[in-house]
Every structure is written in C-alpha cells, then in structure tokens.
Amino acid sequence: MSTGRLKDNELQVVVPEEKSKLALPPRPPSAAAGSTALVEYSGPVFKEEEEDLEVKLRRIIENVPVRVSNTSGSSAGSGSGDFHQYRQMRRKEQDRLVRMDADYQKRKELAEFNMRREERLKAAEERTAKKRLKRQKKKNRKKEKKIKSNASGEEHQKEESSDDAGDSDNGEEAAN
C-alpha cells in the first residue's frame, strides 16, 4: 500500500499548471520593442528647485572627503593613549567650530556691509539725480530768459537800425 510519499530512488514528474496570459498587464506599445523587463525604470522626476538641490547635494557628497581617524577599537577597554587622542580630536573639532563661526561672522558682516553700501549708493544717486534735475531746470530757465531777452533785444535793435539806416556815421555801430 502506498502512503503517498516517494521513496528515495523514485522520481515524480510534475507538470506545472498553465497560467492564463491575462494575469500580466498588457505591455505599453513603446516598451514592447526594445526591452523584456516587466517594469521599465524611469528616473525620478524633480521640479527645477528640487533638481538643483539634488545636484548640489550630490556634488557635496562627491567632493567632501569622509575622514575617520583614530577610531577606537571594538575591544572593551581603552588604552593609555586613548585619552590623549580624545583630547587631540576634541581640540581639532573645537578649532574647526571656531573657524566656522568666524567664517560665518565674516560673511554676515560682509553681507551687511554690502547691503548698507548699496543703500548709501542708492541714496547718493537719488540726491545726485535731484540736484542734477535742479541744475538742468536752472540752466533751461536761464536759456529761455536769454532767448526771450534776445528776441526782445533783436526787435529793439531792428527799430534802432531802421532809424540809423539813414545815418552813414553810425552804420557800423548799428550792425554791432
């Protein structure tokens, strides 16, 4: 009688069930030509701002070296030199932080200086433009006054020259 188990030397051939082709979603027409993958990889779509940040982050990761120096071992105790290494690492880190703070303060002061400078230059330009306009108006008024006086003077001279046209002695003075 058989228990349903195979003996060590017997082999059994099993035919897998045919799966219906409806189980897989249909392929899109563009993907059917070149690839046999079920899902085509497409890179993430970023907005322009996000893409800029991603590029910056990638550049930082690639260019900034990762330094791990004087790491402690995995053993339980610490040796006699570990304290000195710790003090040295701590001093280096503190120096680095001080330099970062000084650099930040320097950049901040420079930015504030440039902002104040721009404001002063803008105010000076406004004052200069105002004074330039005032000078231009004064110059135009002087020109108009001169033209006006010349126009009335020419009429006056024409009257005198018409009076002097009969005198031969004053002909030269009338022309001037």
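**Two charged patches on a helical chain**

K131 is exposed, with a relative accessible area of 55%. That residue is a handy way into this predicted model, since K131 belongs to a positive surface patch and sits in helix α3. There's a negative patch to look at too, with E48 as one of its members.

**Overall build**
- The protein chain has four helices and zero strands.
- Reading from the N terminus, the order of elements is α-α-α-α.

**Surface and burial**
- Of the 176 residues in the protein chain, just 1% count as buried.
- The chain's accessible surface comes to about 18,300 Å², and carbon and sulfur atoms account for 52% of that surface.

**The positive patch**
- Ten is a lot of names to keep track of, so here they are by type: the arginines are R127, R135 and R141, while the lysines are K130, K131, K134, K137, K138, K142 and K146.
- K131 lies in helix α3, which covers residues 82–164.
- K131 counts as exposed because its relative accessible area of 55% is over the 50% cut-off.

**The negative patch**
- The glutamates here are E48, E49, E50, E51 and E54, and D52 joins them in the patch.
- E48 is part of helix α2, which spans residues 48–63.
- E48 has a relative accessibility of 64%, so this glutamate counts as exposed as well.

Key:
Residues numbered from 1 in each chain as written. Predicted model: local features only at pLDDT ≥ 70, side-chain atom pairs only at ≥ 80, totals over all residues. Heavy atoms only, no water. Patch = residues over 30% accessible without salt bridge, like charges linked within 9 Å, V, L, I, M, F, W, Y side chains within 5 Å. Areas by Shrake-Rupley, 256 points an atom, 1.4 Å probe, with all protein chains shown as cover. Salt bridge = Lys/Arg side-chain N within 4 Å of Asp/Glu carboxyl O. Lys, Arg positive; Asp, Glu negative; His and termini not counted. Charge placed at Lys NZ, Arg CZ, Asp CG, Glu CD. Helix = DSSP H or I, 4+ residues; strand = E, 2+ residues; numbered from the N terminus. Buried < 20%, exposed > 50% of the residue type's maximum accessible area, 1.4 Å probe, protein only.
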